[in-house]
Amino acid sequence: VNHISKDALTKVRSIINDLKINSFKEEIEAVANLLKDANLTFEFSNAEYAEKLSATRQSTMAMILREAINNVVKHAQATRIDGQLQLTDKSVKLIIKDDGVGVSDVASLELKSIKERVNILNGTLATYNDNGLCIEVLIPRSVEQ
C-alpha cells in the first residue's frame, strides 16, 4: 500500500506540474531553447510588455506563440523566426515572422487552434506573406475593452 501511495503521489505531482501555467516570458525562453536545438535563429523583442496582461491572458498568448512556432518548424522550411510584442493603451499585438517559404494561399490557411485562442481573447488574427509568413495577433489588454 505504501509503494502504491508513493507511486500515485508521484503521478499526481507530475500531472500538476504539467498543468502549471507558464508566463509569456517563460514560454519565450522555452521556445528559444527548442529552436536553438533545432538550429533555428530566434529573436524576440519587448517580451516584458506581456506583463501588462493578466496571467490567464499571458498563458493563452503563450499557447498561441507555441502553436505558431510549431507550425513554422513543421511547414515553413525557415532558418529564422522573429517575434515581438507591440503595446498601446488598449491592446497588445503579437507578431511572429519567419523567413520560410510562405503560403501560396494565405486566405485558405486554417490555423484552427490559434484562431480559437484568439477568439477566447476577443482578438483578431491576420496572416500575410512577407518573405515568409507573418502572423499578427491583436488582443485587448483587458476583457472589458
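Which helix does L65 lie in? I started my notebook with that one, keeping in mind that I am looking at a predicted model.

**Entry 1: L65**

I found L65 in helix α3. Next I looked up its accessibility: the value is 0%, and since buried means under 20%, L65 counts as buried. I then listed what L65 touches, leaving aside its neighbours within four places in sequence. The contacts are F24, E27, I28, V31, F44, L94 and I96. I also checked L65 against Q84: they sit 19 residues apart in sequence, and their C-alpha atoms are 11 Å apart in space.

**Entry 2: helix α2**

Some of those contacts led me to α2, so I looked at its buried residues, which are F24, E27, I28, V31 and L35. They cover an arc of only 100° around the axis, and therefore they lie on the same side of α2. What is on the face turned away from the buried side of α2? There I found the exposed residues E29, K36 and D37.

I wanted to know what covers the buried residues of α2, and the cover includes β1 (41-45), α3 (55-76), β2 (80-87) and β3 (91-98).

I tried a little arithmetic check too. Helix α2 runs over residues 24-37, and at 1.5 Å a residue its 14 residues should span 20 Å. The C-alpha atoms at its ends are 20 Å apart, so the expected span and the model agree. Just after α2, I noted that N39 takes a positive phi of about 60°.

**Entry 3: the strands**

How do β1 and β2 run, parallel or antiparallel? I found them parallel, joined by 5 bridges. To get from β1 to β2 the chain passes through α3, and this β-α-β crossover is left-handed. For one position in this pairing, I noted that T41 stands opposite R80 in β2.

The partnership of β2 with β3 is antiparallel, and I noted 7 bridges for it. These two strands form a hairpin, with 3 residues between them. Here L85 stands opposite L94 in β3; I had already met L94 as a contact of L65.

**Entry 4: salt bridges**

A reminder to myself: side chains of opposite charge can pair when their charged atoms come close. How many salt bridges does the structure hold? The count is 4, and I looked up several.

In one of them, the side chains of E51 and K25 meet at 3.5 Å, N to O. This pair links distant parts of the chain, with E51 in the loop between β1 and α3 and K25 in helix α2, 26 residues apart. E51 counts as exposed because its relative accessibility is 52%, while K25, at 35%, counts as partly exposed.

Another joins R66 and E27, 2.5 Å from N to O. R66 is in helix α3 and E27 in helix α2, so the pair ties together parts 39 residues apart in sequence. R66 is partly exposed, with a relative accessible area of 29%. Is E27 buried or exposed? At 6% relative accessibility, E27 counts as buried. Not counting residues up to four places away, E27 touches N22, A62, L65 and R66.

I also looked at E136 and K93, whose closest N and O atoms are 3.5 Å apart in their salt bridge. E136 belongs to strand β5 (residues 133-140) and K93 to strand β3, 43 residues apart. E136 is buried, with a relative accessible area of 17%, and K93, at 22%, counts as partly exposed.

How values were computed:
Residues numbered from 1 in each chain as written. Predicted model: local features only at pLDDT ≥ 70, side-chain atom pairs only at ≥ 80, totals over all residues. Heavy atoms only, no water. Helix = DSSP H or I, 4+ residues; strand = E, 2+ residues; numbered from the N terminus. Expected span 1.5 Å × (residues − 1). Buried < 20%, exposed > 50% of the residue type's maximum accessible area, 1.4 Å probe, protein only. Arc of directions from axis to C-beta. Contact = heavy atoms within 4.5 Å. Pairing = 2+ DSSP bridges. Right-handed = clockwise from strand over helix to strand, strands pointing away.
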